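This report introduces one protein model to a reader who has not met it before. Please keep the sequence and the structure in view while reading.

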Amino acid sequence: MVSKKGEALLPKVNARTGRTRLIAANWKMNLNHLEAIQVVQKLHFKLRASDYEYCEISIHPPFVDLRSLQLLIDSDRMNFSLGAQNCYFEAKGAFTGEVSAQMLAKLGVRNVIVGHSERRSIFKEDDELIAKKVKAVFDSQMIPILCVGETADERGNGQSAEVLSRQVSAAIRSVSPDVLGNLVVAYEPVWAIGSGTPASVQDASEGGDIIRGVIESIKSKEVSQAVRILYGGSVTSANSREFLESSSLDGLLVGGASLDPDDFAALIEA
Ligand code: PEP
């Protein structure tokens, strides 16, 4: 969507935080390229100019949908950011089945999810690999959305802060402070993802504050204040507003509720 003067609508800076908000849709392994086109068209139809001014809206489809959505977004001058769910850190070569950050950048991808808990648990991605992916995304002039979060057991053992600290510090240690302020971190407690039981706003905000504190202790206050922190885990249109009102959080990473354009539009408008 464009303004009356034909300019792209950019999200306004949140006066309370000095940062812009971001709502990212993680479609996971859902929606083929034809379904993806329909969903994005419907979402575009439902949203109003004020929604795009409120926040950046980033769509993260499966890789095979990216080219179709790139063409749709460009040709209809839609205001969505194109996103990916993963990438590999090497630029090219004998890595069967992988997609490099550079390839995504060529498709106009802006934001890349890295280290989602499903990648960590199902595909055994560790902190070292995730750190390489974060660097590769930055090196290709895109923005990593680094996912971190504790499991139910870790939470039960009182290890939440320790886990967040380990995951964040491992991922950012080798990133230059010049670009690190562009990082997005999604606090996604593993027990809240897809469970229907979101974290409380207080817990999500505390998680956000811990993450910002870790970045400040490793880099600087200035960098930590620039980084955007999202909450993810069972967000719906019924609870999105509470999270967005927290000054510790800059937006949301949404899984299930982003697949249906009616639900996702309602979640953004709430
Ligand atoms: C996710 O997988 O990143 C996520 C937040 O999923 P859901 O919203 O379905 O809990």
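## The ligand and its surroundings

Which atom of the ligand lies 2.5 Å from a polar side-chain atom of Lys28? The partner of Lys28 is an oxygen atom of the ligand. This is a polar contact, that is, a pair of N or O atoms within 3.5 Å; within protein, one must be able to donate a hydrogen and the other to accept it, and residues adjacent in sequence count only if both atoms are side-chain atoms. An N or O atom in the side chain of His116 lies 2.8 Å from an oxygen atom of the ligand, and a polar backbone atom of Gly255 is also 2.8 Å from an oxygen atom of the ligand. On its own the ligand has 290 Å² of accessible area, of which the protein covers 95% (Shrake-Rupley method with a 1.4 Å probe; for residues, only the protein chains shown count as cover).

Around the ligand there are 14 residues, and those that come nearest are Lys28, Glu188, Gly194, Ser234 and Gly255 (a residue is near a molecule or strand if one of its heavy atoms lies within 4 Å of it). The shell comprises four nonpolar, eight polar and two charged residues. In this division Ala, Val, Leu, Ile, Met, Phe, Trp, Tyr, Cys and Pro count as nonpolar, Asp, Glu, Lys and Arg as charged, and the others, Gly among them, as polar.

## Basis of the model

The model is predicted: local features need pLDDT of at least 70, side-chain atom pairs count only at pLDDT 80 or more, and totals for chains, interfaces and linings use all residues. Residues are numbered from 1 along each chain as its sequence is written, and side-chain values use heavy atoms, with hydrogens and water left out.

## Paired strands

Helices (H or I, at least four residues) and strands (E, at least two) are DSSP runs, numbered from the N terminus; two strands pair if DSSP finds at least two bridges between them. Strand 6 (residues 143–148) is parallel to strand 7 and is paired with it over four bridges, with Cys147 opposite Ala186. Four bridges also link strand 7 to strand 8 in the parallel sense, and Val185 has Ile229 of strand 8 as its bridge partner.

Strand 8 (residues 228–232) in turn pairs with strand 9 over three parallel bridges, where Tyr231 faces Leu252. Strand 2 (residues 19–26) runs parallel to strand 9 and is joined to it by four bridges; Leu22 stands opposite Gly251.

## Buried faces

In a regular strand the side chains alternate between the two faces of the sheet. In strand 7 (residues 184–187), Val184 and Ala186 point one way, Val185 and Tyr187 point the other way, and all are buried (under 20% relative accessible area; exposed is over 50% and partly exposed in between, with a 1.4 Å probe and protein chains only). Strand 9 (residues 251–254) is likewise covered on both faces, with Gly251 and Leu253 on one side and Leu252 and Val254 on the other.

## Two buried helix residues

Arg120 lies in helix 5 (residues 117–121) and counts as buried because its relative accessibility is 15%. The side chain of Arg120 reaches the backbone oxygen of Gly115 at 2.9 Å and that of Cys147 at 2.8 Å.

Phe138 belongs to helix 6 (residues 127–139) and, at 9% relative accessibility, is buried too. Leaving aside residues up to four places away in sequence, Phe138 touches Pro144, Val175, Val179, Leu180, Asn182 and Leu183 (contact means heavy atoms within 4.5 Å).
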